[in-house]
Every structure is written in structure tokens, then in C-alpha cells.
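Welcome! Please take a moment with the sequence and the structure below, and then we can walk through a few parts together.

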Amino acid sequence: MKPASEWDINDLAAMIGAEESSNLEFKDGRSLLNETEKKHEIAKDVSAMANAAGGTIIYGLHASDSVATEIAGCDASPGKLEWFDQIITNNIEPKVQGVRLKRIDLPDGKLALVVTIPPATTFAPHQSKPHHRYFRRYERTILPMLDHEIRDIMRRATSPELYIRHVFLPLDGVEDGYSMRVLIGNRSKEPALYTRVDLIFEQVIAPFTPPAGWEMTEVDIAEGDLKGFAYSRSFIVPHSMPIMEERDAVIFEAEVIVSNNMRYAMGYDVTAPGFRGSELLYAYRLNSEKVTVEAG
């Protein structure tokens with residue numbers, strides 16, 4: 001999802017028909033009324049999004065059954081951005097750092113407000129002061145956090161929190177050909193100085209000649225249902241750069257063939273002191289040039 005600063009009225013229109021998720025929420029115009037109950041709800045929604053994986057809240061979009069149906073707009077009284085910022089500053093403890101706001105004026109004189117919220121890291125978790133509770137967003141639901149969840153989110157301040165992304169770019173002149181780039185990033189302010197990465201690909205999309213510094217071994221995928229290859233490498237300071245907050249770096253690149261109506265199993269395992277993450281993913285094309293990557 002793009003940052004708030006890049007949104008305009010065309011992006012709002014493109015949301016019609018979109019469905020809410022763990023990192024996307026729609027709120028109608030009544031949510032920005034200058035009422036105590038609404039202010040408390042804002043604090044709850046923003047803190048819950050930050051305590052999960054971050055995301056975007058759009059005020060001024062009406063939704064039915066979690067699907068955006070129309071641009072309803074909100075009251076466009078002066079100082080709305082400052083008013084909103086004051087609410088989350090005064091009602092969330094500690095303050096959520098890095099929240100970005102974008103006011104979009106609508107033709108009918110109303111406004112929409114796009115709020116992008118980063119995941120809580122150094123100052124995590126964030127409490128909704130009016131409720132005296134810690135909340136977290138789960139898919140489309142907000143629930144109070146349990147003890148083990150609070151302890152886990154506090155770890156973000158002292159340990160790296162790494163993630164892996166796969167990007168597929170079409171190759172000119174090669175039918176179904178793509179340049180696959182694997183990127184690594186860090187959601188925490190704590191840099192990863194010693195990192196081990198294992199990238200896993202189904203046999204039909206691999207093997208590739210291992211890039212410099214990578215080792216290749218045969219592995220089983222999906223509980224042995226598929227055969228594949230793992231590519232492994234350690235990134236250790238000072239021979240490699242540390243993995244810093246929100247600075248995605250390309251660590252692996254290969255040319256692949258991705259045909260229409262086919263799914264290709266992939267996965268990864270990434271470890272660093274205080275952190276381990278792994279996921280089974282699938283890449284697929286459905287009669288288009290775009291390759292989509294989703295969790296298994």
C-alpha cells in the first residue's frame with residue numbers, strides 16, 4: 001500500500017470494491033465527529049493497527065460487509081489534520097511514531113483522510129489510554145492483546161524483525177520470462193548483524209546457478225509433497241552490510257519462466273539473534289503479465 005502522501009481522489013475511487021484486511025480499514029464520515037466516543041475509537045483503531053503489522057485507515061469510505069461501497073466523505077472543518085494528530089498524541093501511550101496523514105478534498109465540499117501507520121517497533125506496544133488496554137488488529141477484527149503477544153511485541157525494540165519479499169519483472173523478448181528478485185528488509189530499528197537466509201524453490205522453477213556466496217542443496221517442500229532446492233547464505237558484519245530498518249536490499253536474483261495458470265511453490269527461512277521467520281509462499285499468473293506472490 002502506498003504512503004499517505006501519494007494518495008489522491010483517484011486512489012480513493014480505486015478502493016471501491018476493495019475488501020478490508022489486516023492492514024486496511026475503511027471508516028465512514030461519522031468516525032471523525034468531534035465526540036468523546038469517536039476520539040476513543042480513533043485511539044483504539046490506530047494503536048491496534050500499529051501493534052499488528054501497520055497499515056492504512058481511510059476515513060470517508062463507506063463499507064458494507066467489509067467491502068468499500070462509496071466515497072462518503074467527512075466533515076471538512078478547518079484544522080482536521082491537527083485535530084486528528086492531537087487525538088492520537090493525547091490518547092495513545094507511548095505515541096505512535098511515523099504516522100502519516102493526507103487530507104483529500106472532495107468535490108462535494110467534504111474530505112477524506114488517509115492515515116498510514118507503521119508497525120510498532122522501538123516504543124511497542126501502544127496502549128489506548130481511554131480503554132487502559134492494548135489492542136491488536138487480526139484480519140478485520142480488533143481484540144485485546146494477550147500476555148504472550150505483549151511480550152512478543154516488546155521484543156521488537158531489542159531484536160531485528162526481518163522480512164523477505166519476492167519481485168517479478170518481465171524480461172523483454174522472453175516468453176513467460178521474468179527476472180526474479182528476492183529482497184530482505186527489517187521492520188525493527190535494531191540492525192541485524194548476523195543473518196542466515198535459506199531460500200526455497202520448487203524444482204519446476206529451479207534450479208538456478210547459485211549466485212556468488214550462495215550454496216544449493218536439494219530439499220523437500222510442503223511436507224515432502226514437492227521436491228525443490230534451497231539456496232543458503234550467511235550475511236555477517238563486517239564482510240556484509242548490516243540489515244537496517246526499512247531498507248530493502250536485493251540479495252538474490254535469477255531469470256525464471258512463470259507460465260499462465262500455474263502455481264510455483266517457494267519459501268524462506270531467515271534467522272538472526274533474537275529472531276526467526278519462515279513462510280511457504282506460492283507465485284502464480286492468471287492470464288496476465290503480473291506475477292502474484294501469496295502465503296501458502
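Which residues of helix α4 (residues 147-154) are buried? In this predicted model, the buried residues of α4 are E149, I150 and I153. Looking down the axis of α4, you would find these buried residues within an arc of 100°, so they line one face of the helix. What do the buried residues of α4 pack against? Their partners are α2 (36-51), β9 (133-138) and β10 (141-144). Now turn to the face of α4 that points away from the buried side: here you meet the exposed residues H148 and R151.

**An open sheet**

Next, let us look at some strands. An open sheet is built from 6 strands with antiparallel pairing, in the order β14-β15-β13-β17-β18-β19. Which strands stand at the edges? They are β14 (215-221) and β19 (292-295); each has a single partner strand, so one side of each is left without a neighbour in the sheet. From one strand to the next, the twist averages 30°.

We can follow one pairing in detail. β14 pairs with strand β15 (residues 226-236) in the antiparallel sense, over 7 bridges. If you look for E218, you can trace its bridge partner in β15, which is F229.

**Backbone details in the loops**

Some loops hold backbone features that are worth finding on your screen. Two peptide bonds leading into a proline come next, set side by side.

| Cis peptide bond | Omega | Place of the proline |
|---|---|---|
| E93 to P94 | near -10° | P94: loop between β5 (92-93) and β6 (100-105) |
| A206 to P207 | about 10° | P207: loop between β13 (194-202) and β14 |

Another backbone angle to check is phi. Where does H132 lie? H132 is in the loop between β8 (127-128) and β9. Its phi is near 55°, a positive value in a residue other than glycine. Is H132 buried or exposed? H132 is exposed, with a relative accessible area of 63%.

E139 is the next stop: this residue is not a glycine, although it has a positive phi of about 55°. You will find E139 in the loop between β9 and β10. With a relative accessible area of 55%, E139 is exposed.

To tie this back to the start, remember that β9 and β10, the strands on either side of the E139 loop, are among the elements that the buried residues of α4 pack against.

How values were computed
Residues are numbered from 1 along each chain as its sequence is written. This is a predicted model: local features need pLDDT of at least 70, side-chain atom pairs count only at pLDDT 80 or more; totals for chains, interfaces and linings use all residues. Side-chain values use heavy atoms; hydrogens and water are left out. Buried means under 20% relative accessible area, exposed over 50%, partly exposed in between (1.4 Å probe, protein chains only). Helices (H or I, at least four residues) and strands (E, at least two) are DSSP runs, numbered from the N terminus. The arc is that of the directions from the helix axis to the C-beta atoms. Contact means heavy atoms within 4.5 Å. Two strands pair if DSSP finds at least two bridges between them. Axes are lines fitted to C-alpha atoms, for helices over the stretch in contact, and angles run from 0 to 180 degrees between N-to-C directions.
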